[in-house]
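This briefing walks through one protein model, topic by topic. Keep the viewer open while reading.

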Amino acid sequence: MKNKDEEPKEYFERNSLLVIIVTAAALGLDWLAIDMLIDVNPWGSAVGIPGLTLTLQALWLIVNPFAVVYDDRFEIKQSLLYNKEFYYLDAKAIADKSAIALNLVYNDDDVESLPLLGMRGTHQPAFKARLSEKIKESLKNRDF
């Protein structure tokens, strides 16, 4: 049975244009690799490997949202290789850096830049507001 505390509270979607571009590039490379392999060209297998990698990335982008907010943490799933969790207990504040990044300030004043490239533009202000709200709530509930 799933723990109720582990259920996501809010999802923030990806930019549809980015997903379409990655999917089109993957299909183009796959088509080129298949065409080369049908003509018995050994370069077809060299083109097929990046094509299959981009196809897996495109499928992963379609299935997963960009960011997921939980009660005690949030996840950013920018790509197949960049998938990180951040806990509100570790954070002190959120600072705007630019439209494609966000600064997370930790309790020891370390700053980490969080990428927002690929998040739907209309979801970015709501994501920033939600994170600020959750971090302020976490600051009130801390014992230390």
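The points below cover two sheets, a packed helix, the aromatic pairs and a pocket.

The model is predicted. One open sheet has four strands, and another open sheet has three. Helix H3 (residues 124–141) packs on the three-stranded sheet. The largest pocket has a volume of about 170 Å³.

**Four-stranded sheet**

- The strand order is S1-S2-S3-S4, and the pairing is antiparallel.
- Strand S1 (10–12) and strand S4 (83–87) are the edge strands, each pairing on one side only.
- From one strand to the next, the twist averages 15°.
- Three bridges hold S1 against strand S2 (residues 67–69), in the antiparallel sense.
- Phe-12 has Ala-67 in S2 as its bridge partner.
- Strand S3 (residues 73–77) pairs with S4 over five bridges, again in the antiparallel sense.
- Arg-73 faces its opposite number in S4, Tyr-87.
- The link between S3 and S4 is a hairpin, with five residues between the two strands.

**Three-stranded sheet**

- This open sheet runs in the order S5-S6-S7, with antiparallel pairing.
- Strand S5 (91–96) and strand S7 (111–115) each have a single partner strand, so one side of each is left without a neighbour in the sheet.
- Here the twist averages 30° from one strand to the next.
- S5 and S6 run antiparallel and are joined by five bridges.
- Asp-96 stands opposite Leu-102 in S6.
- A hairpin of four residues carries the chain from S5 to S6.
- Strand S6 (residues 101–106) also pairs with S7, over five bridges and in the antiparallel sense.
- On that side, Leu-102 stands opposite Leu-114 in S7.
- Leu-102 therefore appears in both pairings, opposite Asp-96 and opposite Leu-114, as S5 and S7 are the edge strands of this sheet.
- In a regular strand, side chains alternate between the two faces of the sheet.

**Helix on the sheet**

- Helix H3 (residues 124–141) touches S5 and S6 of the three-stranded sheet.
- The direction of H3 makes about 155° with that of S5.

**Aromatic pairs**

- How many aromatic pairs does the structure hold? There are four.
- One of them joins Phe-12 and Phe-127, and its geometry is edge-to-face.
- The two rings are 5.0 Å apart, centre to centre, with 70° between the planes.
- That angle counts as edge-to-face because the class takes planes over 60 degrees apart.
- The pair links distant parts of the chain: Phe-12 lies in strand S1 and Phe-127 in helix H3, 115 residues apart.
- Phe-12 thus has two roles to track in the viewer, as bridge partner of Ala-67 and as ring partner of Phe-127, where the ring centres lie within 6.5 Å and so count as a pair.

**Largest pocket**

- The volume of the largest pocket is about 170 Å³.
- The lining has 14 residues.
- Which of them are closest to the centre? They are Leu-18, Gln-78, Leu-117, Gly-118 and Met-119.
- Helix H1 (16–38) and helix H2 (43–63) each supply at least two residues of the lining.
- By class, the lining divides into eight nonpolar and six polar residues, with no charged ones.
- Gly counts as polar in this split, so Gly-118, one of the residues closest to the centre, falls in the polar group.

Key. Residues numbered from 1 in each chain as written. Predicted model: local features only at pLDDT ≥ 70, side-chain atom pairs only at ≥ 80, totals over all residues. Heavy atoms only, no water. Pairing = 2+ DSSP bridges. Axes fitted to C-alpha atoms, helices over the stretch in contact; angles between N-to-C directions. 1 Å grid on protein atoms, 1.4 Å probe; cavity = no way out; pocket = protein on both sides within 12 Å on 5 of 7 lines; lining within 4 Å. Points joined across faces, edges and corners; volume = space filled by probe spheres on them. Contact = heavy atoms within 4.5 Å. Phe/Tyr/Trp six-rings, centres within 6.5 Å; stacked < 30°, edge-to-face > 60°.
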